[in-house]
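Student: Could you take me through one part of this model closely, in a single connected account?

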Amino acid sequence: MAEESKTPVPPSPEDKKPATEAVPSKQTSAASNAVEKPPAQPAASGAAPPAKPAPAKPAGPVPEAWNSPLVEKYKHQFGSGLEALSYLGQNYFAVDRSLIANFLKLLRDDDQFDYCVDITAVHYPKRDKQFDLIWILYSFSRNERIRVKTQIADGESLPSSVPIWATANWLEREVYDMFGIKFDGHPDMRRILLPEGWKGFPLRKDYGILQQDKEWVQINLGIESGQ
Amino acid sequence: MNEIKDDSAALKNEFTNLDLETPEKPYLDSNELIINMGPQHPATHGVLRVILKLDGEKVLGTECVIGYLHRGVEKIAENRTYTMFNPYVDRMDYVAAVSNGLGYCLAIEKLLNVEAPARANYIRVILTELNRIASHQLWLGTHALDIGAMTPLFYTFRDREEILKIFEKYCGARLTTHAFRIGGCQYETYAGFEKEVKNFVQFVRPKIDEYEELLTTNRIWLERTKNVGVISGADAIALGVTGPVLRASGVKWDLRKAQPYSRYQNFEFEIPTGENGDTYDRYLVRMAEMRQSLRIIEQAVNAIPEGPIMAKVPKVIKPAVGEIYQSIEAPKGELGYFVVSDGSTQPYRVRVRPPSFVNLQALDVMVRGMLVADVVAVIGTLDIVLGEVDR
């Protein structure tokens with residue numbers, strides 16, 4: 001992570017901590033996913049918008065409970081394994097990993113979420129269950145977009161959703177390529193964007209971009225560092 | 001979907017294992033062949049490599065090898081501030097850079113919970129629709145060239161130039177424009193902008209008819225595109241295909257109508273659709289879309305309001321902890337940004353949902369059983385940009 005602190009962070013008056021500490025503290029707050037940060041003063045203090053964003057700024061908008069017939073139905077069926085939330089008007093389900101396969105299939109079959117927009121992941125290295133997996137779904141008939149989220153630990157795999165949506169094929173391959181998360185029952189679980197022999201998974205937070213570059217120039221160009 | 005191996009050993013096996021005596025493998029069937037198309041191939045629109053399994057001229061299966069242009073855009077985003085990452089998105093779909101920028105700015109605005117002022121939205125709509133026309137013109141020129149019609153390329157590039165001139169005058173760049181900023185637009189329109197846009201609309205409308213005159217009833221064009229690369233609406237939805245490719249299969253869905261952003265609800269326009277889901281229908285849909293874009297531009301330029309062009313956003317952008325997904329109807333389909341903020345100045349994660357990447361996945365379904373020459377037509381009709389496929 002050290003090299004990432006080299007990234008120029010524009011000097012900001014309201015940024016109380018020194019720039020070098022910006023990254024580690026970013027990690028902590030991200031990992032715990034908490035809002036415990038000292039409430040940043042509304043940026044650009046005097047000129048700051050007094051209107052909408054300013055009051056919301058210190059704590060920020062928080063996820064609210066999301067209520068709809070759809071939620072009722074699944075709450076009834078899955079109980080505590082499922083949480084329905086809404087952030088800035090965007091609705092999502094936080095679902096227990098064990099329910100995922102069944103839940104996604106039900107969403108498509110019973111509730112017409114027939115278009116799988118995207119599958120992606122987010123890495124939180126400090127957390128016990130390191131990865132957030134996100135499915136973004138859309139239903140043409142309801143004109144509704146929802147997200148399904150689950151958490152898994154490093155090394156854990158997930159059931160593939162290729163049988164549910166054909167488009168999941170490449171999307172899951174990309175998640176594997178970038179995060180190293182495997183999907184069980186996927187017809188072709190290989191890297192997609194990076195070459196077969198690539199080491200590591202670039203979108204994990206512990207994958208430094210400079211370290212990889214250094215190794216490459218040392219092997220291929222015989223010099224100490226390209227930077 | 002992916003039973004083909006791309007290594008030469010497999011290719012060798014194919015021939016060394018040939019038993020001429022066995023009736024199950026008669027000699028005539030042995031011309032099953034695995035060949036490479038690309039990555040250096042003029043008809044693959046960049047560095048796309050397609051491994052084709054052929055029986056003579058007939059395509060038995062394909063496998064796309066992508067990633068030659070992978071620059072790790074999503075990783076770059078995590079190491080830049082929100083503002084610094086803005087120009088990078090232009091380098092994904094570089095023929096529709098304005099759309100990319102719009103999607104990104106909208107996503108961060110959503111995360112900040114601000115909205116661009118009305119005038120900024122109108123400028124955005126005008127420029128994005130101009131860019132849609134430019135993107136479709138470039139598609140038409142290169143697609144027709146792939147199929148063997150050389151003239152449309154010169155026509156479309158000649159007319160696309162006028163759009164690029166407007167971009168250049170507006171923000172100084174022709175291709176990777178970085179036209180918008182988080183919260184609105186950086187630049188006010190230049191003197192004479194509205195007049196030039198109106199003139200352009202008048203100028204290009206008959207030109208689109210001209211392209212159509214060259215192709216729509218052209219017998220060679222019909223032969224090469226009708227019933228080529230057919231994909232049904234149901235298949236398209238299952239494969240996540242969006243944009244003109246989806247609409248040509250009869251699914252009337254456009255994000256500008258379904259979930260309007262940037263005040264698209266203020267404008268009247270149709271969603272052109274096709275019936276057969278073949279290459280010819282996709283051509284017609286895109287031609288109709290250019291005309292619809294002209295309609296939108298005309299309405300926007302006539303009704304452009306006065307006022308500020310920048311919402312009040314902090315100088316240093318530090319969204320609250322949270323995650324959002326925002327998507328727009330880019331010329332190629334649904335372009336989405338999934339952004340996670342941890343409350344710092346840099347995004348914790350930016351995921352780009354690229355339309356080209358997802359649409360390309362449909363190539364295999366579309367070319368099976370067709371001829372090699374049709375593969376070129378289908379790659380063209382999918383309108384992929386490898387910068388966006390590989391990111």
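**A close look at helix H5 of chain A**

Tutor: Helix H5 of chain A, residues 168-179, has 12 residues, which at 1.5 Å a residue should span 16 Å, and its end C-alpha atoms are indeed 16 Å apart, so the expected and computed spans agree. The model is a predicted one, and the helix belongs to a chain whose secondary structure comes to six helices and eight strands, following the pattern α-α-β-α-β-β-α-β-β-β-β-α-β-α along the sequence.

As for its surroundings, 12 of the 12 residues of H5(A) are buried, so the helix is largely enclosed by the rest of the structure; for chain A as a whole, 33% of the 227 residues count as buried. The buried residues of the helix include nonpolar ones such as Trp170(A), Leu171(A), Val175(A), Met178(A) and Phe179(A), and among them are also the charged residues Glu172(A), Arg173(A), Glu174(A) and Asp177(A).

What do these buried residues pack against? Within chain A, their partners are strand E4 (115-123), strand E5 (131-139) and strand E8 (183-184), and from chain B they are joined by helix H13 (355-360). Contacts between residues distant in sequence are also part of the wider picture, since in chain A residues 24 or more positions apart account for 46% of the contacts with a separation of 6 or more. Just after the helix, Gly180(A) takes a positive phi of about 75°.

Conventions: Residues numbered from 1 in each chain as written. Chains lettered and ligands numbered in written order. Predicted model: local features only at pLDDT ≥ 70, side-chain atom pairs only at ≥ 80, totals over all residues. Helix = DSSP H or I, 4+ residues; strand = E, 2+ residues; numbered from the N terminus. Buried ≥ 20, exposed ≤ 12 C-beta atoms within 10 Å, placed from the backbone. Contact = placed C-beta atoms within 7 Å. Expected span 1.5 Å × (residues − 1).
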